[in-house]
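Colleague: I would like to go through this model with you, one question at a time, and to hear the reasoning behind each reply.

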Amino acid sequence: MESITFSRSVALGKTLIALSAVLFGIYLILAPEQGELGWFAPFYYILIFVLSIYFFGPAFCKLTVLLFSKTTIISFNQYCVTARDGRFIPWSDIKRIEVVEDTVNKLGQPVSRLYRFILLDRSHVDMSTYHLLTNQQFTDGAKKLRTAWSQNKHRKVEK
């Protein structure tokens with residue numbers, strides 16, 4: 001069984017970056033000096049606090065959980081591909097594999113790069129990388145998945 005894994009050092013670095021952004025927001029809301037912004041200062045610091053929690057809080061929570069979990073993001077064998085959460089897709093059900101770069105969701109929060117599996121029934125399954133792969137690892141992972149799919153797409157899952 002092959003897999004796409006992340007490095008704990010990358011996860012730790014990104015977790016610390018998210019933590020520092022959250023702590024900066026907390027510091028601003030608790031700062032003893034409010035600067036020279038006059039009457040606007042409380043609104044400014046509250047806005048910075050809310051934005052830091054909104055954008056970096058969810059990332060910090062997810063990265064912290066992933067930091068202490070297994071490092072496999074996606075695994076695959078000759079019959080199927082399996083996501084972190086246990087979902088599996090037989091190679092024979094996949095029409096094509098796409099790479100989706102970093103985006104922003106409807107609420108303005110960042111969404112990590114992912115591998116999108118377009119299925120024969122025109123639906124799709126997204127498998128996220130959780131911001132944990134370097135550019136090279138992400139590209140190599142896409143190559144590995146496409147190669148495995150092209151070699152195994154005619155195999156049926158054994159039951």
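Colleague: Which element gives the largest share of the lining of the largest pocket?

Modeller: This is a predicted model, and what I say should be read with that in mind. The elements that give two or more residues to the lining of the largest pocket are helix 1 (8-30), helix 2 (41-67) and strand 7 (110-111). Of the lining, the largest share amounts to seven residues, and the element that provides it is helix 2.

Colleague: How much space lies in that largest pocket, and how do the residues of its lining divide into nonpolar, polar and charged?

Modeller: The lining is made up of 17 residues, and those that lie nearest the centre of the pocket are Ala59, Leu63, Pro110, Tyr130 and His131. By class, the lining residues divide into eleven nonpolar, four polar and two charged. The space in the largest pocket comes to about 390 Å³.

Colleague: Is Ala59 buried, partly exposed or exposed?

Modeller: Ala59 has its place in helix 2, and it is among the residues that lie nearest the centre of the largest pocket. Its relative accessible area is 25%, and because buried means under 20% and exposed means over 50%, the class that applies to Ala59 is partly exposed.

Colleague: What is the phi of Tyr130, another of the residues nearest the pocket centre, given that Tyr130 is not a glycine?

Modeller: Tyr130 lies in the loop between strand 9 (124-128) and helix 3 (135-152), and at 22% relative accessibility it counts as partly exposed. Most residues other than glycine have a negative phi. Tyr130, although not a glycine, has a positive phi of about 60°.

Colleague: Which residue in the loop between strand 8 and strand 9 also has a positive phi although it is not a glycine?

Modeller: The loop in question joins strand 8 (114-119) to strand 9 (124-128). The residue there has a phi of about 70°, and at 76% relative accessibility it counts as exposed, since the cut-off for that class is over 50%. The residue is Arg122.

Colleague: With which residue does the side chain of Ser69 make a polar contact through that residue's side chain?

Modeller: Ser69 is found in the loop between helix 2 and strand 2 (72-76), and at 18% relative accessibility it counts as buried, because the class takes in values under 20%. Leaving aside neighbours within four places in sequence, Ser69 is in contact with Arg8 and Arg84. The polar contact, side chain to side chain at 2.6 Å, is with Arg84.

Colleague: Which backbone oxygen does the side chain of Asn152 reach?

Modeller: Asn152 lies in helix 3 and is buried, with a relative accessible area of 8%. Not counting residues up to four places away in sequence, Asn152 touches Asn77, Gln78 and Trp91. Its side chain also comes to 2.9 Å from a backbone oxygen, that of Ala148.

Colleague: How far apart are the C-alpha atoms of Leu107 and Thr147?

Modeller: Leu107 is found in the loop between strand 6 (103-104) and strand 7, and at 61% relative accessibility it counts as exposed. Along the chain, Leu107 and Thr147 are 40 residues apart, and their C-alpha atoms are separated by 35 Å.

Colleague: And how far apart in space are Lys62 and Phe6?

Modeller: Lys62 lies in helix 2 and counts as partly exposed, at 40% relative accessibility. In sequence, Lys62 and Phe6 are 56 residues apart, while in space, C-alpha to C-alpha, the separation is 14 Å.

Colleague: Turning to the whole protein, what is its radius of gyration?

Modeller: The secondary structure comes to three helices and nine strands, which follow the pattern β-α-α-β-β-β-β-β-β-β-β-α along the sequence. The globule rule gives 15 Å for 159 residues, and the protein lies well over that, so it is more spread out than a compact globule, with a radius of gyration of 20 Å.

Colleague: What share of the residues of the protein count as buried?

Modeller: The C-alpha trace spans about 70 × 30 × 25 Å along its principal axes. Among contacts between residues at least 6 apart in sequence, 59% join residues at least 24 apart. Of the 159 residues, the share that count as buried is 35%.

Technical notes:
Residues are numbered from 1 along each chain as its sequence is written. This is a predicted model: local features need pLDDT of at least 70, side-chain atom pairs count only at pLDDT 80 or more; totals for chains, interfaces and linings use all residues. Side-chain values use heavy atoms; hydrogens and water are left out. On a 1 Å grid over the protein atoms alone, a cavity is a set of points where a 1.4 Å probe fits but cannot get out, and a pocket is an open set with protein on both sides within 12 Å along at least five of seven lines; lining residues have an atom within 4 Å of a point. Grid points are joined across faces, edges and corners, and a volume is the space filled by probe spheres set on the points. Helices (H or I, at least four residues) and strands (E, at least two) are DSSP runs, numbered from the N terminus. Ala, Val, Leu, Ile, Met, Phe, Trp, Tyr, Cys and Pro count as nonpolar, Asp, Glu, Lys and Arg as charged, and the others, Gly among them, as polar. Buried means under 20% relative accessible area, exposed over 50%, partly exposed in between (1.4 Å probe, protein chains only). A polar contact is a pair of N or O atoms within 3.5 Å; within protein, one must be able to donate a hydrogen and the other to accept it, and residues adjacent in sequence count only if both atoms are side-chain atoms. Contact means heavy atoms within 4.5 Å. The radius of gyration is taken over C-alpha atoms; the globule rule is 2.2 Å times the number of residues to the power 0.38.
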